[in-house]
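Dear colleague,

I am handing over a structure to you with this message, and I would ask you to open it beside the text as you read. My notes come after it.

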Amino acid sequence: MSQFNQKVYELLIKVPAGRITTYKVIAETLGTKAYRAVGNALKNNPDAPRIPCHRVIKSSGNIGGFNGETNGKEIQQKIYLLKKEGIKIEEGQIQNLPDVLFYFS
DNA sequence: GCGCTTATCGCAC
DNA sequence: GTGCGATAAGCGC
């Protein structure tokens with residue numbers, strides 16, 4: 001666990017409700033291009049309820065590989081909640097990505 | 001639009 | 001030291 005992972009968690013925690021972010025944004029915010037490392041940080045996930053991995057998506061606007069592989073129902077429930085927040089998701093694909101995408105300005 | 005290649009970080013072997 | 005993994009961007013087709 002290095003500062004990289006630590007940063008990823010902190011950034012994720014900063015993400016407000018009803019908002020999501022992408023691996024690209026996180027990596028860029030950290031000043032690196034190790035997008036995959038971000039995914040690793042999330043899969044490590046030392047604070048599951050604190051680290052909303054389901055809020056982290058790919059730059060393409062579609063959910064990552066954790067969707068359906070973790071618990072299916074659980075992740076879908078979270079997605080449903082996000083949809084209620086205003087995020088439009090369909091089959092793991094973000095419809096209004098630019099509207100809900102959160103950048104760590 | 002799809003597939004292959006390169007870059008990059010952390011972790012396991 | 002090498003390879004793999006929740007990816008991304010570039011290049012060719």
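Below is what was found, strand by strand, followed by one residue inside the protein.

First, some ground rules: this is a predicted model, in which local features need pLDDT of at least 70 and side-chain atom pairs count only at pLDDT 80 or more, while totals for chains, interfaces and linings use all residues. Residues are numbered from 1 along each chain as its sequence is written, chains are lettered from A and ligands numbered from 1 in the order in which they are written, and side-chain values use heavy atoms, with hydrogens and water left out.

Let us begin with DNA strand C. A residue is called near a strand if one of its heavy atoms lies within 4 Å of it, and of the 13 residues around DNA strand C, Arg36, Gly39, Asn40, Ser59 and Phe66 come nearest. Sugar and phosphate make up 42% of the atoms of this strand that come within 4 Å of the protein. Helices here are DSSP runs of H or I with at least four residues, numbered from the N terminus; α2 (23-30) and α3 (35-44) each supply at least two residues of the surface near DNA strand C, and α3 gives the most, with 6 residues.

Polar contacts, meaning pairs of N or O atoms within 3.5 Å, give more detail. A polar side-chain atom of Arg36 lies 2.4 Å from a base nitrogen of DNA strand C, and a backbone N or O atom of Gly39 also lies 2.4 Å from a base nitrogen of that strand. For Lys24, an N or O atom of the side chain is 3.5 Å from a phosphate oxygen of DNA strand C.

Now to DNA strand B, where the surrounding residues include Met1, Ser2, Thr32, Lys33, Arg36 and Asn44. Here sugar and phosphate account for 68% of the strand's atoms that come within 4 Å of the protein. Helix α3 provides the largest share of the surface near DNA strand B, 4 residues, and a polar side-chain atom of Arg36 lies 3.1 Å from a base nitrogen of this strand.

Finally, is Leu42, in helix α3, buried or exposed? Leu42 counts as buried because its relative accessible area is 5%, and buried means under 20%, exposed over 50% and partly exposed in between, with a 1.4 Å probe and protein chains only. Leaving aside neighbours within four places in sequence, Leu42 is in contact (heavy atoms within 4.5 Å) with Val8, Leu12, Tyr23, Cys53 and Val56. Val8 and Leu42 are 34 residues apart in sequence, yet 7.8 Å apart in space, C-alpha to C-alpha.

With best wishes

Methods:
Polar contact = N/O pair within 3.5 Å; in protein donor to acceptor, adjacent residues only side chain to side chain.
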